[in-house]
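Colleague: I would like to go through this structure by asking short questions. Please reason each answer through before giving the value or name.

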Amino acid sequence: GRNQSQLKAHHQTQKTATTINKQHQQRIMTYPKHFNHAESSLSTGTWDDEMGNGVDQLFFISSYSDFDKLAHGPRGSEANHSVHVYRFHPHDGSMLLLNIHGKAQDLENPAFSVYHPRLPVVYTCSENIYDNGRIFAFSVGEDGSLTQLGEPIDAGGTSTCYLTIDHSQKHMLAVNYWDSTLVVIPLDYETGRITGPIQSCYDPKGGDCVVAAGRSKGGVNHSDNDAKTIEVRQKDPHSHALELDPYVGTLAYVPCLGKDVVREFFYNRKMGEIGMELNTLPSGLRQGMADGPRYFEFHPKLPIAYCINEFSATVAVFEVNRDLLEEMAQASDDGQDMNQFKGRSTLRLIQSIKTIPSAFPTSMNTCGRICVHKSGRFVLVANRGHQSIAIFRVIQKGPKKGELKTIGYFHTRGETPRHFNFDASGQYLIVANQDTDTIAIFNFNLSSGEITFTGNEYGVPSPNFVCCCPLSGVEDSVDEHVGQLEDTVMVPRKKSDAADDNASSASDGSSTVPTELPAQKDLIDELKRAREEIASLKEQLSAVKP
């Protein structure tokens, strides 16, 4: 009941020339000590068709196959096969279907996937509120073939919804939404295989059973956002994600949708264990209704993190205390008692901003994915109900550095955009419209932050996750992309359109088109920094021992 007939599609016009971003692969920045993708990943090889020339990435797209086992209620089609693998063509943003995989009874409701930072391996997990989830590992062939690596492992909880690989690449951390449990699973560093059962488990309920009933057994539909539904959804804790801090990897941040908090856990990097809960803090301002924190993302450069609140349609912006994180990591390495850090949060809330127009009813929308563009200039959020992607500019300097300013809202050409992802270059956005059974592809303007429809759209039943699988190393393409920046023609902005990055951001985020463009001098400075970063990264890569 979101009265979809009230919504109208709005096409946005791309106003400025595309420019090239400076940071060209977040996985390098996250795993600098181990990343050597060019040596251990796939090569593009020779395709049997001419269109395959220049292709360097695949997309692994998962679908729901059994709605009755979900907490929420999709309105699209149940998939007979739950995975589609596409080849992506960067010259025009089109895709070619290579493989349809996973019979519904064998790979049930895969709902979250992650690609290994160093190996051609993709992991996915099943979503089921009645039975424990399962985690699968697949080797990805450049022809789109998927080879299962061993038997799937029990996820240790129900409705598995999130997977994270730790900095050592020897452990995977999994989140189970329905019963809120957090688990750690060992990985083989050389092959990426799951090597054993769960070695660590944390249950915030202390072993208690879930109070609320499932949707198919008389419970509420978790797709709705009315007061009654929210009350029931918050009878139990519901962990929805887990992100390790990108600096030292010793703190796990878990947004708990059921309790309106972000939990901070000590993660023992050496042992691969989720230790004590050190702190909790509100996930937002909770003004007039519950927030419902869903996902948590770090900025790639600034000491800033963003939490998307599903119920209140807000992004909470947090300042991150890196010094405290370093202190925690050192104490852990020295074997000190980590109880000394209880009650000391590494986060400080500095902003809350809406993801939908101010007049649009919040009860008719729930937020999905949040993503920080690898350039660090933009934050994107999926609005399920408003059927849009909200795009924000990140303030880069001054006292409000890291805070957000609304650029606009862009219709996704379908209903319930549950998930989206960028291609490896960051210049295309692939959106999964769950309830209209479609994948839509948009150009992303790296200068203005606008998206425009490419004309490419594909039918996929109940798509719920878009996972990018690069086929080759990133370092070979970095120089090419940076070189393109010198050839980019910038469109000068009008004085009336220019806005100081230090200005306060609008609280309602009601604008629908960009109001500012980055200055040319800023881009030249960014190019210089990019070259320095590339040289540093190449030096790190050359020092890596396989």
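Modeller: One definition is needed beforehand: a residue is buried when its relative accessible area is under 20%, exposed when over 50%, and partly exposed in between. The model is predicted.

Colleague: Is Phe298 buried or exposed?

Modeller: Buried requires a relative accessible area under 20%. Phe298 has a relative accessible area of 6%, so Phe298 is buried.

Colleague: What is the average pLDDT of the chain?

Modeller: The pLDDT gives the predictor's confidence in each residue, from 0 to 100. In this chain, 78% of the residues score at least 70. Over residues 1-45 the pLDDT is below 50, and it also stays under 50 over residues 474-519. The average for the chain is 84.

Colleague: How many aromatic pairs does a search of the whole structure find?

Modeller: A pair of aromatic rings is described by the distance of the centres and the angle of the planes. Rings count as a pair if their centres lie within 6.5 Å. The number of aromatic pairs found in the whole structure is 16.

Colleague: Which kind of aromatic pair do Tyr202 and Phe265 form?

Modeller: Their ring centres are 4.8 Å apart, with 70 degrees between the planes. Planes over 60 degrees apart count as edge-to-face. The pair of Tyr202 and Phe265 is therefore edge-to-face.

Colleague: How many residues apart are Tyr202 and Phe265?

Modeller: Tyr202 belongs to strand E12 (residues 200-202), and Phe265 to strand E15 (residues 261-268). The pair links distant parts of the chain, with a separation of 63 residues.

Colleague: Is Tyr202 buried or partly exposed?

Modeller: Phe265, its partner, is buried at 1% relative accessible area. Tyr202 has 21% relative accessibility, and buried means under 20%, so Tyr202 is partly exposed.

Colleague: Why is the pair of Tyr253 and Phe298 edge-to-face?

Modeller: The ring centres of Tyr253 and Phe298 are 5.4 Å apart. Edge-to-face needs planes over 60 degrees apart. The pair is edge-to-face because its planes are at 70 degrees.

Colleague: Which strands hold Tyr253 and Phe298?

Modeller: The pair links distant parts of the chain, 45 residues apart. Tyr253 is buried at 0% relative accessibility, and an aromatic cluster includes Tyr253 and Phe298 together with Tyr247, Phe296 and Phe318. Tyr253 is in strand E14 (residues 251-256) and Phe298 in strand E17 (residues 293-298).

Colleague: Which strand gives the most to the largest nonpolar core?

Modeller: The largest nonpolar core has 78 residues, and Tyr123, Ile135 and Leu163 are among those with the most contacts inside it. Another core lies apart from it, with 22 residues, among them Tyr253 and Val320. The strand that gives the most to the largest core, with five residues, is E6 (residues 132-140).

Colleague: Over which ring does the charged end of Lys217 sit?

Modeller: A charge counts as sitting over a ring only within 6 Å of the ring centre. Arg369 lies over the face of Phe420, at 5.3 Å from the ring centre. For Lys217, the distance is 4.5 Å, and the ring is that of Tyr130.

Colleague: Where is Asn109?

Modeller: Asn109 is not a glycine, yet its phi is positive, near 50 degrees. At 0% relative accessibility, Asn109 is buried. Its place is in the loop between strand E3 (94-103) and strand E4 (110-115).

How values were computed. Residues are numbered from 1 along each chain as its sequence is written. This is a predicted model: local features need pLDDT of at least 70, side-chain atom pairs count only at pLDDT 80 or more; totals for chains, interfaces and linings use all residues. Side-chain values use heavy atoms; hydrogens and water are left out. Rings of Phe, Tyr and Trp (its six-membered ring) pair if their centres lie within 6.5 Å; planes under 30 degrees apart count as stacked, over 60 as edge-to-face and the rest as tilted. Helices (H or I, at least four residues) and strands (E, at least two) are DSSP runs, numbered from the N terminus. Buried means under 20% relative accessible area, exposed over 50%, partly exposed in between (1.4 Å probe, protein chains only). A charge sits over a ring if NZ of Lys or CZ of Arg is within 6 Å of the ring centre and within 35 degrees of the ring normal. Contact means heavy atoms within 4.5 Å. A nonpolar core is a set of buried Ala, Val, Leu, Ile, Met, Phe, Trp, Tyr and Cys residues joined through side-chain atoms within 4.5 Å.
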